[in-house]
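Please open the model in your viewer and keep the sequence panel visible beside it. The tour below proceeds by selection, with a short account of what is found at each stop.

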Amino acid sequence: MILYGSSLSPFVRKVLVFAAEKGIALEAKPVGIGDANPEFRAASPFGKMPALVDGDFCLADSSAIVHYLEALQPDPPLIPAGARERGRTIWFEEFADTMLMGCLAKMFFNRVVAPVFLKREGDLSVADTAERIEWPPMLAYLERTLPESGYLVGGSMTLADIAVVSPLANLGYMGVSIDPATHPRTAAFKERTLARPSFAALIAREKAALERLAA
Ligand SMILES: N[C@@H](CCC(=O)N[C@@H](CS)C(=O)NCC(=O)O)C(=O)O
């Protein structure tokens with residue numbers, strides 16, 4: 001199976017980590033924003049990453065793709081079967097994709113994507129406003145919601161953890177950290193999840209790529 005996209009995109013990273021946790025081999029094919037690659041365009045009708053090609057089957061959208069992978073290979077389960085657990089898991093994925101991403105994309109686009117990849121200045125006031133106004137309530141929500149278990153849903157890793165930590169990984173590329181003194185649960189959750197081999201391998205490659213671009 002081929003996955004089009006750059007893992008710097010939290011949506012792409014979510015799918016790559018989800019597949020790695022399941023032991024599903026995905027061949028990652030990097031594409032950039034607005035990429036004209038015809039195979040990518042055929043798989044993603046609106047040119048958004050990620051897009052999956054599995055033989056003669058194409059699928060766009062990270063949520064659609066992870067549900068496809070879960071159905072293809074149910075073990076280990078990353079989307080719980082129980083009604084409440086499944087509902088909570090999809091809530092956290094939605095929270096990550098819409099609320100967290102709505103805020104963090106403004107920060108990451110204007111501070112990193114625009115200057116590094118598009119070679120133009122980002123609107124730093126948009127990024128700063130998002131960090132000052134939008135980010136703190138989401139961080140507070142995570143801190144008061146994370147259970148003792150250290151997993152957002154149930155006692156083991158699910159799509160909820162992967163979906164939420166994936167955008168949080170981009171904070172490191174903007175020099176934004178989560179203070180363990182004020183938000184101990186969220187800081188530990190982020191660090192522990194990013195240390196899993198599924199995340200760590202991607203983060204190491206992303207850091208190296210960003211360092212090369214900055215040099
Ligand atoms: N709901 C989609 C969102 C995908 C998305 O917006 N990807 C961004 C990168 S983070 C993208 O491809 N942007 C390019 C564009 O909008 O043209 C998903 O979950 O895959």
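Two strands are said to pair if DSSP finds at least two bridges between them. With that term in hand, the tour of this predicted model can begin.

**The whole chain**

Display the entire protein chain as a cartoon. The protein chain contains eight helices and four strands. Followed from the N terminus, their order is β-α-β-α-β-β-α-α-α-α-α-α. Along its principal axes, the C-alpha trace spans about 50 × 45 × 25 Å. A compact globule of 215 residues would have a radius of gyration near 17 Å, and the protein chain, with 17 Å, therefore agrees with that expectation.

Now switch on the surface. The accessible surface of the protein chain amounts to about 10400 Å², and carbon and sulfur atoms contribute 60% of it. Of the 215 residues, 48% are buried. If the charged side chains are coloured, 22 positive and 25 negative ones appear in the protein chain, and the centres of these two sets lie 2 Å apart. Among contacts with a separation of 6 or more, 70% are made by residues 24 or more positions apart.

**The paired strands**

Select residues 2-4 and 51-54, which are strand 1 and strand 3. These strands run antiparallel and are joined by three bridges. Within this pair, Ile 2 has Val 53 of strand 3 as its bridge partner.

Next add residues 57-60, which form strand 4. Strand 3 and strand 4 also pair in the antiparallel sense, here over four bridges. Which residue of strand 4 stands opposite Val 53? The residue is Cys 58. Val 53 thus serves as a landmark, since Ile 2 is its bridge partner in strand 1.

While the side chains are shown, a general point may be kept in mind. In a regular strand, side chains alternate between the two faces of the sheet.

Finally, move to the turn of the hairpin. Two residues lie between strand 3 and strand 4, and in this hairpin Gly 55 takes a positive phi near 65 degrees.

**Helix 6**

Select residues 159-169, which make up helix 6. How many of the eleven residues of helix 6 are buried? The count is eleven of eleven, and the helix is mostly covered. The buried residues include Asp 161, Ser 166 and Pro 167.

To see what provides the cover, show helix 1 (10-22), helix 3 (62-72) and helix 4 (83-117), then helix 5 (124-145), helix 7 (184-194) and helix 8 (197-214); these elements are included in what covers the buried residues of helix 6.

Now centre the view on Leu 159, which belongs to helix 6. Its relative accessible area is 0%, and Leu 159 is therefore buried, the cut-off being under 20%. Leaving aside neighbours within four places in sequence, Leu 159 is in contact with Lys 14, Phe 18, Val 66, His 67, Leu 78, Ile 79, Thr 89, Ile 90 and Glu 93. Select Arg 86 as well: Leu 159 and Arg 86 are 73 residues apart in sequence, and their C-alpha atoms are 9.7 Å apart in space.

**Thr 186**

The last stop is Thr 186, located in helix 7. Is Thr 186 buried or exposed? Thr 186 counts as buried because its relative accessibility is 0%. Beyond neighbours within four places in sequence, the contacts of Thr 186 are Leu 139, Leu 142, Glu 143, Leu 146 and Ile 178. Thr 145 may be selected for comparison: Thr 186 and Thr 145 are 41 residues apart in sequence and 9.3 Å apart in space, C-alpha to C-alpha.

Technical notes
Residues numbered from 1 in each chain as written. Predicted model: local features only at pLDDT ≥ 70, side-chain atom pairs only at ≥ 80, totals over all residues. Heavy atoms only, no water. Rg over C-alpha atoms; globule rule 2.2 N^0.38 Å. Buried < 20%, exposed > 50% of the residue type's maximum accessible area, 1.4 Å probe, protein only. Contact = heavy atoms within 4.5 Å. Areas by Shrake-Rupley, 256 points an atom, 1.4 Å probe, with all protein chains shown as cover. Lys, Arg positive; Asp, Glu negative; His and termini not counted. Charge placed at Lys NZ, Arg CZ, Asp CG, Glu CD.
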